[in-house]
Amino acid sequence: MKILSIETSCDETGVSMLEAKGGTKNPSFKILAESLNSQVKIHAPFGGVYPSLAKREHIKNLPILLERTLKKSNLSKKEKPVDLIAVTYGPGLEPALWTGIVFAKELAKKWDVPLMPVNHMEGHIFSVFGKQKGKFVIPKIKFPIISLLVSGGHTELVLVEDWGKYKIIGETLDDAAGEAFDKVARMLELPYPGGPEISRLASQARKLRIKNYELKIKLPRPMMYSKNFDFSFSGLKTAVLYLIRDLKKENPNILKNEKIKQAIALEFENAVVETLVYKTKKAIEKYNIKTVILAGGVSANKYLIKQLKKITKGSQSFLFPYKKLATDNSIMIGMAGYLKYLNNKKGVAIKLSKIKAEGGLRL
Ligand code: KG4
Ligand code: ZN
């Protein structure tokens, strides 16, 4: 069946066309077309995503991307070109989510096809099976899975006992990991989004063998040894703020010193990664985990991948997405939408009026 999928939860407008086959045990996909429009440059001056601007951009982009996607897949919008539409309905920025939902509902009505609302975080979990183009399958997976979902809005450890059976066993009590990367990058006068910038500086620091203790740069690992699986990154962010403030007292131009910036980025990345990896390891032990999934925008972080590889070397398989599928995209929404459709007694359409944006949606 052909699936049109739509993603507008944050600052990426994504529209793609997948050909999906097989049942829940052997689903396979072929990407017929994918269109993505990133608003990163538009939001960069604000140092974060500006919801009303995101909404405006999605409204502008959606018809253009649909046209492009249909053309690339050799389909015409006049006939009924698809069998199913999948759309992200949360979590995310509600004004942004609504643009995708309204657009998807109009198409579902016009073409008389079912509309499947998809949880964005479930999409991230499925992103690890996707490819950037061509065909791919969802392989036989050993459950239980632990998913470390780390993005600009979320930091969660999700226990997956089977597809569709999710339990959040731990999450951030304040800032998300990606959000902390973005805020610390701003303090270091680096552009948005900050994750890639910080990780670039941190890897330079590792190559140059910069020693943080010599520079007296030390940050806390908040909640690392707490008895639960929760995280907290707000205190870490504040610690960076105070560190920079104190360094500036000694030298107001301290941020012109590249070595200091590299050292702060290194210590910050180490603190975040150590905490994430430590809690993931605890969860693997407690729940007798067979598969570890890392997903969400922060899964593009090479150091995090490297450290998770180390702890899963033995008996767990470790999956993470291709770089292009790590950040928000519509391919992952189409995949999760298909599985949900199969599990939802094929053909039973969800009433359109029941589908609404849920900014705070949980797995
Ligand atoms: O999943 P995503 O594209 O959007 C949300 O749903 O939030 O994640 C975006 C986040 C941003 O905070 C960005 O700074 C972070 O992912 N990110 C990274 C890296 N690449 C992107 N964080 C750390 N290291 C990276 N290499
Ligand atoms: Zn996301």
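Q: Is H124 buried or exposed in this model?
A: Buried: in this predicted model, H124 has a relative accessible area of 0%.

Q: OK, and what does H124 hold on to?
A: H124 helps coordinate the zinc ion (ligand 2) through its NE2 atom. The other donors are H120, also with NE2, and D328 with OD, and the distances run from 2.1 to 2.2 Å.

Q: How are those donor residues spaced in the sequence?
A: The pattern is H-x3-H-x203-D. H124 sits in helix α4 (residues 120-126), while D328 is in the loop between α10 (323-326) and α11 (331-343), so that pair links distant parts of the chain, 204 residues apart.

Q: Is D328 buried or exposed?
A: D328 counts as buried because its relative accessible area is 13% and the cut-off is under 20%.

Q: Switching topic: which peptide bonds are cis?
A: One goes from F143 to P144, with omega near -5 degrees. Another joins Y192 and P193, with omega about -5 degrees.

Q: Where are those prolines?
A: P144 is in the loop between β6 (134-137) and β7 (145-150). P193 belongs to the loop between α5 (177-187) and α6 (194-207).

Q: Why point out cis bonds or a positive phi at all?
A: Because most peptide bonds are trans, and most residues other than glycine have a negative phi.

Q: So which residues here have a positive phi without being glycine?
A: Among them are E189, with phi near 60 degrees, and N288, at about 55 degrees. E189 is in the loop between α5 and α6, and N288 is in the loop between α8 (258-287) and β10 (291-295).

Q: Are they buried or exposed?
A: Exposed: E189 has 52% relative accessibility, and N288 has 53%.

Technical notes:
Residues are numbered from 1 along each chain as its sequence is written. Chains are lettered from A and ligands numbered from 1 in the order in which they are written. This is a predicted model: local features need pLDDT of at least 70, side-chain atom pairs count only at pLDDT 80 or more; totals for chains, interfaces and linings use all residues. Side-chain values use heavy atoms; hydrogens and water are left out. Donors are N, O and S atoms within 2.8 Å of the metal (3.2 Å for Na, K and Ca); water is not among the atoms, so sites may look incomplete. Helices (H or I, at least four residues) and strands (E, at least two) are DSSP runs, numbered from the N terminus. Buried means under 20% relative accessible area, exposed over 50%, partly exposed in between (1.4 Å probe, protein chains only).
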